[in-house]
Amino acid sequence: WSVSDTLAYSDGVTTEYTIDCQSLNLPFSEAFTGLGIPACWARQFIATNTIHTWKVVKSAKAGGEPNELVSEPIWDYSDMTRIILPPLNTTGITSLKLRFKHKYEHWWGSVTLRVQSSTDSLIWTNEDWFITTAYSNIGPENIETTINHNLNSEHTYLAFTILGNSMAYTGWYIDDVFVANCTDPVFSITTASNPLSYGSVSGGG
């Protein structure tokens, strides 16, 4: 919680960690192949009479393969809900690339979907990617964005965050999360073949 100059106190942030983990080395990927929140992920929310809304379900609405992560609201007002990736070791790193698939299903009203970063999972910085939803569904689509804050740290936390009334949507689906150093080399492979007798392969990076 926080307190203003007029001694007005904010609502507290509730955090649920699945396990206390050491920071992971990059690259990091998660495809949600199991049916529970993966180890070392965490959930936060600010709400009245609302528990966490994040879970893994047997669907593929974000455009990947089953299973996938989803925030499905419980029908009570919520100011914020957040799912936090495991802590990542970004020592010596100045920029990250983040890729994920997602789909947003509208109900009514508007919320803001964001990617955020932190070094303590308490104070969060908005990163470049965000969407303020209108009165329509979004996706499925593939997102690639950069992380430029809270890096060069033994503990960097990234989060998918929903700000606003949780009753505005029926689900935000996320899958195939990938995080890497922006300076990591990218390789491409092209192939060509003659169906009669031979083939060739070339690559570059």
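Author: A residue is called buried when its relative accessible area is under 20% and exposed when that area is over 50%; anything in between is partly exposed. The model discussed here is predicted.

Reader: Why is Cys182 called partly exposed?

Author: Cys182 has a relative accessibility of 31%. Buried requires under 20% and exposed over 50%, so Cys182, at 31%, counts as partly exposed.

Reader: What makes Trp54 and Trp172 buried?

Author: The relative accessible area of Trp54 is 1%, and that of Trp172 is 0%. The limit for buried is under 20%, so both tryptophans meet it. Across the chain, 44% of the 205 residues are buried.

Reader: Why is the contact between the rings of Trp54 and Trp172 called a tilted aromatic pair?

Author: By the rule for ring pairs, the count comes to eight. In one of them, Trp54 and Trp172 have ring centres 6.2 Å apart and planes at 55°. Centres must lie within 6.5 Å, and planes are stacked under 30 degrees and edge-to-face over 60. The distance of 6.2 Å qualifies, and 55° falls under neither of those two names, so the pair is tilted.

Reader: Which parts of the chain does that pair link?

Author: Trp54 belongs to strand 4 and Trp172 to strand 12, and 118 residues separate them in the chain.

Reader: What makes the pair of Phe160 and Trp172 edge-to-face?

Author: Their planes stand at 90° with the centres 6.1 Å apart. Edge-to-face needs over 60 degrees and centres within 6.5 Å, so the pair passes on both counts. Phe160 sits in strand 11 (residues 157–163) and Trp172 in strand 12, so the pair ties together parts 12 residues apart in sequence. Phe160 is buried as well as Trp172. Ring pairs join these two with Trp54, Phe100 and Trp129 in a cluster.

Reader: How do you know that strand 4 and strand 5 pair?

Author: Four bridges join strand 4 (residues 54–57) to strand 5, and the two run antiparallel. Pairing takes at least two bridges, so four are enough. Opposite Trp54 stands Ser71 of strand 5.

Reader: How many bridges join strand 5 to strand 12?

Author: Three, and these strands also run antiparallel. The required number is at least two, so strand 5 and strand 12 count as paired. Here Val70 stands opposite Tyr173.

Reader: Which way do the residues of strand 5 point?

Author: Glu68 and Val70 point one way, Leu69 and Ser71 the other, and all four are buried. In a regular strand, side chains alternate between the two faces of the sheet. As for the whole chain, there are zero helices and 14 strands.

Reader: Why is the link of Cys21 and Cys40 called a disulfide?

Author: Their sulfur atoms lie 1.7 Å apart. The cut-off is within 2.5 Å, so the pair counts as a disulfide. The structure holds one disulfide. Cys21 lies in the loop between strand 1 (14–17) and strand 2 (28–30), and Cys40 in the loop between strand 2 and strand 3 (42–47), 19 residues apart. The link is left-handed, with -70° about the S-S bond. Both cysteines, Cys21 and Cys40, are buried.

Reader: What makes Arg114 count as lying over the face of Phe130?

Author: Arg114 is 4.5 Å from the ring centre and lies over the ring face. The distance limit is within 6 Å, so 4.5 Å satisfies it.

Terms used. Residues are numbered from 1 along each chain as its sequence is written. This is a predicted model: local features need pLDDT of at least 70, side-chain atom pairs count only at pLDDT 80 or more; totals for chains, interfaces and linings use all residues. Side-chain values use heavy atoms; hydrogens and water are left out. Buried means under 20% relative accessible area, exposed over 50%, partly exposed in between (1.4 Å probe, protein chains only). Rings of Phe, Tyr and Trp (its six-membered ring) pair if their centres lie within 6.5 Å; planes under 30 degrees apart count as stacked, over 60 as edge-to-face and the rest as tilted. A charge sits over a ring if NZ of Lys or CZ of Arg is within 6 Å of the ring centre and within 35 degrees of the ring normal.
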